[in-house]
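Biologist: I've got a model open and I'd like to learn how to read it. Can we go through it together, starting with one residue?

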Amino acid sequence: MASSVTAIPQQAARRPNKSVYMVLGCTVFAAAAQVLMKFGANHAMPHMNPAEPSTWMPFAMALLGNYQLLLGYGVQSGNALLLILALRDGELSMLYPIIALTYVWVNLLSMYFFNEHMNIWKALGIALVIGGVALLGRASSRA
Amino acid sequence: MTKTPLSSILLVLLASLIGSFGAVFLKMGAAHLNRGFRHILNGQLGFGVVLFLGSSVPFVMGVRHGELSVLYPMVSLGYVWTLFWSKLFFDEPITKAKLGALAMILAGIICIGVGGR
């Protein structure tokens with residue numbers, strides 16, 4: 001029994017710190033925002049001439065109706081907020097490179113949504129980025 | 001490489017530099033949150049957000065010409081700058097694990113860039 005009691009705090013200490021998980025969440029948000037913005041950018045928008053006030057309203061209405069673009073910006077704002085909260089604790093030099101995981105999600109999501117293809121270079125790149133982020137996560141548990 | 005003009009490379013490098021300073025100010029500003037969430041409106045966080053958003057201007061100007069597979073990985077050099085600023089401003093140690101992880105991530109992003117050609 002005594003040994004199991006001492007084992008619990010050791011286990012907890014070896015887990016990557018909370019900030020790492022928050023930045024991981026950021027990368028998912030960032031990738032979702034990019035995909036949403038890409039969808040939103042495909043919406044046909046009415047022509048807007050800043051010098052012609054009559055064209056402002058239709059453009060503004062179309063912008064408000066472009067829910068994918070709006071949602072993309074909304075998710076991006078949530079991402080910024082989460083990143084700020086994550087940076088409160090933890091080392092910037094440890095947390096910031098984790099954002100690179102966004103590249104991985106965007107590549108995987110692009111295959112699904114935009115029919116982009118996987119190839120050996122992309123697969124190798126994804127494996128290297130995941131390996132690097134895992135290394136940072138392990139290092140943070142010892143920091 | 002020959003299809004990517006030097007001006008594009010310099011613009012994208014500038015973007016990565018501005019973005020890395022954005023991260024530094026976000027980190028500085030985030031420290032104020034420990035005094036309560038209402039401190040979210042502080043100058044350093046505001047400046048950090050401005051730099052973050054502002055870095056997209058030279059980036060977009062840069063990627064208009066040249067190859068994305070060359071320019072896109074260059075943005076990730078921002079992680080390298082951030083490593084130095086973290087040492088300089090926050091006295092964070094530069095460890096073997098950080099350098100190794102950074103090397104893997106940079107190599108990975110270059111591979112993804114090559115695969116995207």
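**One residue, then its surroundings**

Modeller: Sure. Leaving aside residues up to four places away in sequence, Ile84(A) touches Leu26(B), Ala30(B) and Leu45(B). Keep in mind that this is a predicted model.

Biologist: Where along chain A does Ile84(A) sit?

Modeller: Look in helix H4 of chain A, residues 67-87; Ile84(A) is found there.

Biologist: And how do I read burial? Is Ile84(A) buried or exposed?

Modeller: Count the C-beta atoms around a residue: with 20 or more others within 10 Å, we call the residue buried. Ile84(A) has 20 C-beta neighbours inside 10 Å, so Ile84(A) counts as buried.

Biologist: What separates Ile84(A) from Met22(A) in space, and what along the chain?

Modeller: Along the chain they are 62 residues apart, yet their C-alpha atoms are separated by 9.7 Å.

Biologist: Let's zoom out to the two chains. How do people describe an interface?

Modeller: Interface size is often given as the accessible area lost when the parts come together. Here we'll count residues instead. The contact takes 27 residues from chain A and 31 residues from chain B.

Biologist: Which helices of chain A each supply at least two residues to the side that touches chain B?

Modeller: They are H4, helix H5 (92-95), helix H6 (101-114) and helix H7 (120-142) of chain A. H7(A) gives the largest share of that side, 12 residues. By type, the chain A side divides into 18 nonpolar, 6 polar and 3 charged residues.

Biologist: Now chain B. What is its secondary structure?

Modeller: Chain B comes to 6 helices and 0 strands. Its C-alpha atoms fill a box of roughly 50 × 35 × 20 Å along the principal axes, and 41% of its 117 residues count as buried.

Biologist: What do the contacts within chain B say about sequence separation?

Modeller: Take the contacts between residues at least 6 apart in sequence: 74% of them join residues at least 24 apart.

Biologist: How do I read a helix pair? Why do H5(B) and H6(B) count as roughly antiparallel?

Modeller: Compare the N-to-C directions of the axes; angles over 145 degrees count as roughly antiparallel. Helix H5 (residues 77-90) and helix H6 (residues 96-115) of chain B have axes that come within 10 Å and cross at roughly 165°. H5(B) and H6(B) are therefore roughly antiparallel to each other. Their crossing is left-handed.

Biologist: Which residues make that contact?

Modeller: H5(B) brings Tyr79(B), Val80(B) and Leu83(B), while H6(B) brings Lys98(B), Leu102(B) and Ile105(B). These residues divide into 5 nonpolar, no polar and 1 charged.

Key. Residues numbered from 1 in each chain as written. Chains lettered and ligands numbered in written order. Predicted model: local features only at pLDDT ≥ 70, side-chain atom pairs only at ≥ 80, totals over all residues. Helix = DSSP H or I, 4+ residues; strand = E, 2+ residues; numbered from the N terminus. Buried ≥ 20, exposed ≤ 12 C-beta atoms within 10 Å, placed from the backbone. Contact = placed C-beta atoms within 7 Å. Nonpolar A, V, L, I, M, F, W, Y, C, P; charged D, E, K, R; others polar. Axes fitted to C-alpha atoms, helices over the stretch in contact; angles between N-to-C directions. Parallel < 35°, antiparallel > 145°, perpendicular 65-115°, else oblique. Left-handed = near helix turned anticlockwise from the far one by under 90°.
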